[in-house]
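Student: I should like a close look at one buried position, followed by an account of the wider fold. Please keep the argument connected throughout.

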Amino acid sequence: MNGLFERKYIIQGIFIAVAAIIAARLSYLQLIDKSYLLSANNNVLRKMVIYPARGVILDRNGQVLVQNEPVYDLLVTPREVKELDTALLCELVGIDKEGFERRMATARAYSPYKASQFEKQLPATAYAKLQEHLYKFRGFYIQNRTVRSYPDSIAAQFLGYIQEVNERDIERSNGFYRPGDYIGASGVESAYEELLRGQRGVKNVMVDAFNRPQGSFAEGRYDTLAVAGDGLISSLDKDLQILAEKLMRNKIGSVVAIEPATGEILTFVSSPSYDPNMMVGRERGNNYAKLLHDPYKPMFIRPMQAQYPPGSVFKVVSALTAQQAGMIDEHTIFNCPGGYRYGSGRVMRCMHVDGPTQLIRSIQHSCNTYYGYTYARMIDQRGMPSAQAYGLWRDAVMKFGIGQPLGIDLPGEKAGLLPSADFYTKRYGNAKWGSSYNISLSIGQGEMGITPLQMANVMAIVANRGFYYRPHLIKAIGDKKIVKPEFTEKISAGVDAKYYEPVIEGMSRVVNLPGGTGYSVRIADIEMCGKTGTAQNPHGQDHAVFFAFAPRENPKIAIAVVVENAGFGGTWAGPIASMLIEKYLKDTITLPQYIQDRIYKADLLPKPKTAKPQEVVKSPPAKPSQPSKSPEEEEEEVLFVHHSALARRYD
Amino acid sequence: MTNPHRHKLFGGEVDWFTIILWLLLCIIGWFNIHAAVFDPDNPELFNMNTNYGKQSIYIFSAMVLAVTILIVDAKFYSSVSPILYVITILLLIAVLVIGRNVGGNQAWIPIGSFRLQPSEFAKLATCLLLGRYLSTQSTKNPNLGTLLTGASIVLLPVMLVLLQPDTGSALAFFALVFVFYREGYISGPWMLFGALCIMLFVLTLAFNQWVIISVIAVVCALGIYYFRKRRKAITSLIIFFVISTAYVFCVDFVYENVLQSHQRNRIDVILGKIDDPRGQGYNLNQSMIAIGSGQFWGKGYLQGTQTKYNFVPEQSTDFIFCTIGEEWGFVGSMVVISLYLTLLLRIVNIAERQRTAFARIYAYGVASILFFHFAINIGMTIGIVPIIGIPLPFISYGGSSLWSFTILLFIMLKFDANKKGIV
């Protein structure tokens, strides 16, 4: 066979060489490069998120304000859909043929192999019917979820709502949220989002090449359980809230009631309100748009976002700060000829001619003259430039929580308006201004904006004789009933307790002495102390204000009621406050039935055009001018309390 | 030749060592097919509707086939070889007309529930006829005419298989070049030349053609300097340079204009010219992930997530080696490779101990075909050759492939057992 026999070795050598190359390559793939192991794990492992139940919110007596209700999302995996009775499915889900095609196209565009949402949040009734037929619809699945549900449809603005996260939320959360997650978007849902949302669990699931789940990985050794969100106990009194919302129906305005001893908010009404259930479910999008375009702006949280000149109720603060400053005392008497004269012949009018008036009577009769003199003393007679004196006055007022956010546990609280001395110096070109330049501040008019929450808080301060706790809506968090430390801090209003008595006596007389502006709403057996007020409204009818606390000794409730465009405070706001206080303290209402009926039946909604809630414009007018320089104002030399033209300055 | 392990049976001494290797590979194949199609929800072992259930039947019938082959007289194979060849050619023509198209290849003839793949049997017929033809020629001075006739025997089925078009199976026939080499029809330098051509082909596709030409130019220049005293060497180097440059340009032309686009894609993926893990590269990528994630000891039997959850395509047929690599790791892969290498070397040894040229040539044919399938199939799963759809002998799922390789091997064993007789 000659030398050809030797070729056997060459051929065998080639075989060996090729096997060696394969072995070398294998040792690289299997022994050296670790990336393939990682890729294999990435291929099969899917972290499935287990959604925790969101925390439930209860009222102060343990009654449910918000709970979770199961809903059912219908999912579809387009690849698995076969021999479908489209008509039946459409009927059960409540969609038409085009809707079906559109949803299928969306799902297919997302992925033919992965399940995606076909219809979300089917109500339980639709689910029950669908469930019976589901075996006929291959490729369709039901996924349970929970949504928020509000059994009494109350306190919409306090509770707020949740919505699907947007790109910004996801970015800000450092990847905590994923598309499709829900996040609190307003109210308590937003303020306590991190507590309510709970902790998501992770389940490691193995999937096949088509992303179909194939069971748990390593018998669930690396899985974590979902932890339900913390429950919250609200300070709200559900029954009181229901009554307050009923009373405020067809009216624009706010009711805020605070328990003075704790700062807990008992009632938080923003009217007109809306049914919080509207922000849940399949109609949410439509409802949301409807609410946004509602001329009465139900999404506007009036108790802490609407800012009104407080009117007469501010006299309480004036009286207290002036006593503390030593500028007046209980016995100080000013003569009231029916108005306070200031500047060059202008008058700030009173409603009555009171003659010599001392402090208690000034509150009782709401004497503008008295507070004109008081303010003049505070600004002009303190032995210092008036700008500096104004600064002291402003500081004292701010201690009552005016002109700054109180720190309520809801997002979006407004500070109110209380201009600094610089504002006036700038406006008048120099610092040589005095009390006559902004005399209306003395009676809570002019450049002053206070939220109803701040008004109620002032009342809580008076009820407490000198201090307050930050008003808050959540009194305890979770099973351990944790109270946030900032809500247990006692904050002083800077006025000694002894100065409160004459003011409280005056307020008591408003309600309990015949002839007082609040006499018609007095409550038998309970000494309620109150003050009516009328907040000027340059856009139309003035706003009625009433604030009160009761009982006089050891007060249990402090309340502020604002009814927009309702005119005089005693007529509209007073009865509402009275009924709420009596309901809260005695659980009955003894107010004459005709007054009650009048309140329930009243429709004080203005024509949509003028229904803008009044927001005080903060930016000062561009050019400095005298208080009454504009042509409209010059016609009216006299500044009335109730029909003042002063407000036009802000236009 | 007195081996105690060789027994008198089937009219001679059968090479039991090879039979054991064959059996081991079949068993390994069965277990890995089982793993590849394993369904955790349906874990019964013998379900005749599954691939591994059917493979049990194929293995069993292959054993029957093997025994039958060993019983039949050796002369029969030599004498029927021309008829067998003609039948095969007719089947290859028939498949183009009545065949069923599976995965883009018109390669299957359905017979009941079973599908026959004539190209698998064409290898057997070609080896037999080639052996018979070459053995009748004088080996003292191999001439070009014999080479061309022999090549025609090989190329006729190649053409028909290419029409299906089943490039992978067609390429397997080219492995018979080892037969021509061993029989002296092709010389060492020509083999080297062929290897060089293939190498240049791949390099040209992988790199810019100008880079390749520059490298050849530099090599030739160094050679000319080294052989500057020898004019003949310089002349051949210059000729080499001119031819290889022309070749490089040709390759580019062929690649762009002759190859089909999916073939181009597969080559591009292998060469790393396109990175496309979801498209053409998906199969290769998943295959390498499966094998690579097996690490040293493997994930364990039925524990391979890549194969169990269908990430690897064609996992019981062409990509069966992924299951081996993933579940049995480096150790298992080495065992399989060693088994193949041992079998191949054994076949070459068996070939050389044959007394007749026919038996020797046939045995080399068997070695060449098995070698090609082994190298290309495993090579493609680990990304060193383009993805060519050919089965791994004895291991891949499929009756046609198992039977044809078994027949191929056992006819050789029959010749070996019968070598004292006259074929």
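Tutor: B:Ser400 has a relative accessible area of 4%, and because burial is assigned under 20%, B:Ser400 counts as buried. This value, like the others below, is computed from a predicted model. B:Ser400 belongs to helix α16 of chain B, which covers residues 399-417. The side chain of B:Ser400 makes a polar contact with the backbone nitrogen of B:Gln117, at 3.0 Å.

The loop that precedes this helix offers a second buried position. B:Pro391 sits between α15 (357-381) and α16 of chain B. With a relative accessible area of 10%, B:Pro391 is also classed as buried. B:Pro391 and B:His373 are 18 residues apart along the chain, yet their C-alpha atoms are separated by 6.7 Å. B:His373 is also one of the residues that B:Pro391 touches; the others, leaving out residues up to four places away in sequence, are B:Glu120, B:Asp318, B:Asn377, B:Ser396, B:Ser401 and B:Phe405.

These positions can be set within chain B as a whole. Chain B contains 16 helices and 5 strands, and 54% of its 423 residues count as buried. Of the contacts in chain B with a separation of 6 or more, 70% are made by residues 24 or more positions apart.

Chain A may be described in the corresponding terms. It has 22 helices and 22 strands, and 55% of its 651 residues count as buried. For contacts in chain A between residues at least 6 apart in sequence, 71% join residues at least 24 apart.

Burial can be followed along a helix of chain A, namely α4 (residues 97-110). At 1.5 Å a residue, its 14 residues should span 20 Å, and the end C-alpha atoms are indeed 20 Å apart, so the two values agree. The buried residues of α4(A) are A:Gly99, A:Phe100, A:Arg103, A:Met104 and A:Ala107. They lie on the same side of α4(A), because they cover an arc of only 130° around the axis. An α-helix has 3.6 residues a turn, so residues three or four places apart point the same way. On the face of α4(A) turned away from the buried side are the exposed residues A:Glu98, A:Arg102, A:Thr106 and A:Ala109. The buried residues of α4(A), for their part, pack against β3 (64-76), α3 (86-93), β4 (116-122) and β5 (140-149) of chain A.

Of these packing partners, β3(A) takes part in several strand pairings. It pairs with β5(A) in the antiparallel sense through 10 bridges, and A:Pro70 is placed opposite A:Thr146 of β5(A). The antiparallel pairing of β3(A) with β4(A) comprises 4 bridges, with A:Val76 opposite A:Ser116 of β4(A). A further antiparallel pairing, over 2 bridges, links β3(A) to strand β2 (residues 57-58) of chain A; here A:Ile57 has A:Val66 of β3(A) as its bridge partner. The hairpin of β2(A) and β3(A) has 5 residues between the strands, and within this hairpin A:Gly62 adopts a positive phi near 85°.

Elsewhere in chain A, 5 strands form an open antiparallel sheet in the order β12-β11-β22-β21-β20. Strands β12 (264-271) and β20 (529-535) of chain A stand at the edges with a single partner strand each, so one side of each has no neighbour in the sheet. From one strand to the next, the twist averages 5°. At the β20 edge, the antiparallel pairing of β20(A) with β21 (residues 543-550) of chain A comprises 7 bridges. A:Lys531 stands opposite A:Phe547 of β21(A).

Helices also lie across strands of this sheet. Helix α18 (residues 452-464) of chain A lies across β11 (253-259), β12, β21 and β22 (557-563) of chain A, with its axis at about 150° to β22(A). Helix α19 (residues 500-512) of chain A lies across β20 and β21 of chain A and runs at about 80° to β20(A).

Conventions: Residues numbered from 1 in each chain as written. Chains lettered and ligands numbered in written order. Heavy atoms only, no water. Pairing = 2+ DSSP bridges. Axes fitted to C-alpha atoms, helices over the stretch in contact; angles between N-to-C directions. Contact = heavy atoms within 4.5 Å. Buried < 20%, exposed > 50% of the residue type's maximum accessible area, 1.4 Å probe, protein only. Polar contact = N/O pair within 3.5 Å; in protein donor to acceptor, adjacent residues only side chain to side chain. Expected span 1.5 Å × (residues − 1). Arc of directions from axis to C-beta.
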